[in-house]
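Student: I'm new to this one, so please keep it friendly. Take a close look with me at the charged side chains, who they pair with and what lies around them.

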Amino acid sequence: MEVGPRDGLQNESTIVDTASKIAFIENLVDAGVKRIEVTAFVNPRWIPPLADHHEVALQVKKRPGVSYAALVPNMRGYERVANTCITEISFVIAASESHNKKNLNATTEEAFSRYVEVAAAALRDKVPFRAYISCAFGCPFEGKVPEQTVCDLAVRLRDLGAYEVAFGDTIGVATPPQTRKLLDQISKYLELGQVALHMHDTRGLALTNIFVAQEMGVRSFDAAAGGLGGCPYAPGASGNVATEDLLNLLSGLGYACGINLDKVLDTSLHMERILGRTLPSKLLSMKRSAATKLQ
Ligand code: MG
């Protein structure tokens with residue numbers, strides 16, 4: 001799942017104009033991306049960089065066979081998704097109470113009950129939905145999060161009808177043994193086909209953790225082109241694992257992702273120029289130096 005246009009841009013300090021966002025999304029789809037989270041239907045007061053969510057979702061030219069996702073926090077957001085390019089929705093809840101209070105202004109139970117309504121509407125309308133569990137590997141306020149808490153929440157979200165649960169390492173603290181241990185526990189409750197990982201590279205271990213997960217049978221991973229975005233709790237630190245670095249790992253392991261790496265790199269390089277900052281992707285730094293030499 002490409003999350004650059006939503007999770008990436010949401011955490012960038014530069015606000016990207018609507019036309020550039022649409023081009024970004026369409027170029028990634030041109031590169032072969034089949035699942036892309038394009039925006040969040042959240043009050044612009046909370047996420048100013050995605051204030052144009054409705055325009056973006058109205059103007060993206062839909063391609064057949066591509067799933068266009070939007071983060072939807074409540075029924076108000078859900079209702080605005082109608083008649084846009086959006087084909088699936090997602091919502092996020094943390095495995096820790098303090099994070100939900102700070103981030104969603106709700107207790108875990110209050111946040112969950114908002115999603116019960118959204119999930120029922122989505123099921124009625126046959127709109128597939130995906131649930132994110134943030135802080136699945138640790139919380140910036142509470143530290144360690146018990147594995148059983150993560151599993152119990154995942155089961156409740158699956159039972160609501162989520163086709164996939166994405167376990168997020170929001171602050172990038174996961175280690176390979178911890179990834180293995182949590183996935184072992186999760187696999188007692190969920191089919192591996194319902195499990196995705198959303199890893200952050202804050203401490204440089206995102207790909208290592210993803211390697212462990214794919215060995216265990218996980219086949220769905222989130223990534224952001226260029227490694228866009230950051231960590232809201234560690235300004236300046238890396239956020240989402242970079243799409244091109246993930247593709248490089250997966251193709252090295254023999255997986256066919258159907259995505260053209262060069263096209264993704266061109267797209268990331270262009271976004272880097274728009275943002276005016278160097279993005280953290282490793283492969284992009286090679287592309288950048290090659291592009292500079294040619295000039
Ligand atoms: Mg993220």
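Tutor: Let's start with some vocabulary: a residue is called buried under 20% relative accessible area, exposed over 50%, and partly exposed in between. With a relative accessible area of 36%, D125 therefore falls in that middle class, partly exposed. Keep in mind as we go that this is a predicted model.

D125 has a salt-bridge partner right beside it in the chain, R124, and their closest N and O atoms are 3.0 Å apart. R124 itself counts as exposed, at 58% relative accessibility. Just past this pair comes K126, in the loop between α6 (108–124) and β4 (129–134). K126 is exposed too, at 74%, and its phi is positive, near 60 degrees, although it isn't a glycine. As a bit of background, most residues other than glycine have a negative phi.

Another pair is R158 and D159, whose closest N and O atoms are 2.8 Å apart. Here D159 is exposed at 55%, while R158 is partly exposed at 24%.

Now for the inside. How many salt bridges does the structure hold? There are 13, and one of them joins the side chains of D222 and R130, at 2.7 Å from N to O. That bridge spans distant parts of the chain, since D222 sits in the loop between α9 and α10 and R130 in strand β4, 92 residues apart. Are these two buried or exposed? D222 is buried at 2%, and R130 is buried at 1%. They also belong to a network of salt bridges that takes in R35 and E164.

R35 leads us to E2, as R35 is among the residues that E2 touches. Others on that list include L28, V33 and A223. E2 lies in the segment before α1 (4–10), and it is a buried charge with no salt bridge: R6, the nearest side chain of opposite charge, is 10 Å away. What does the side chain of E2 reach instead? It comes within 2.9 Å of the backbone nitrogen of A225, and it makes a polar contact of 2.6 Å with the side chain of T243.

T243 is one of the buried residues of α10, along with E244, D245, L246, L247 and L250. Among the things covering those residues are α9, α11 (261–275) and α12 (282–294). After α10 comes G254, with a positive phi near 95 degrees.

Let's finish at the magnesium ion, which is held by D7, H198, H200 and N240 at 1.9 to 2.3 Å. H200 lies in the loop between β6 (195–198) and α9 (206–215), and N240 in the loop between α9 and α10 (243–252), so this pair ties together parts that are 40 residues apart in sequence. Both H200 and N240 are buried.

Another of those donors, H198, is in contact with F167, as are I133, V150 and L190, among others. F167 is also a well-connected member of the largest nonpolar core: out of its 98 residues, I89, L157 and F167 touch the most other members. More broadly, in soluble globular proteins, nonpolar side chains tend to be buried together.

Terms used:
Residues are numbered from 1 along each chain as its sequence is written. This is a predicted model: local features need pLDDT of at least 70, side-chain atom pairs count only at pLDDT 80 or more; totals for chains, interfaces and linings use all residues. Side-chain values use heavy atoms; hydrogens and water are left out. Helices (H or I, at least four residues) and strands (E, at least two) are DSSP runs, numbered from the N terminus. Buried means under 20% relative accessible area, exposed over 50%, partly exposed in between (1.4 Å probe, protein chains only). Lys and Arg count as positive and Asp and Glu as negative; His and the chain ends are not counted. A salt bridge is a side-chain nitrogen of Lys or Arg within 4 Å of a carboxyl oxygen of Asp or Glu. A polar contact is a pair of N or O atoms within 3.5 Å; within protein, one must be able to donate a hydrogen and the other to accept it, and residues adjacent in sequence count only if both atoms are side-chain atoms. Contact means heavy atoms within 4.5 Å. A nonpolar core is a set of buried Ala, Val, Leu, Ile, Met, Phe, Trp, Tyr and Cys residues joined through side-chain atoms within 4.5 Å. Donors are N, O and S atoms within 2.8 Å of the metal (3.2 Å for Na, K and Ca); water is not among the atoms, so sites may look incomplete. Lists of a residue's contacts leave out its neighbours within four places in sequence.
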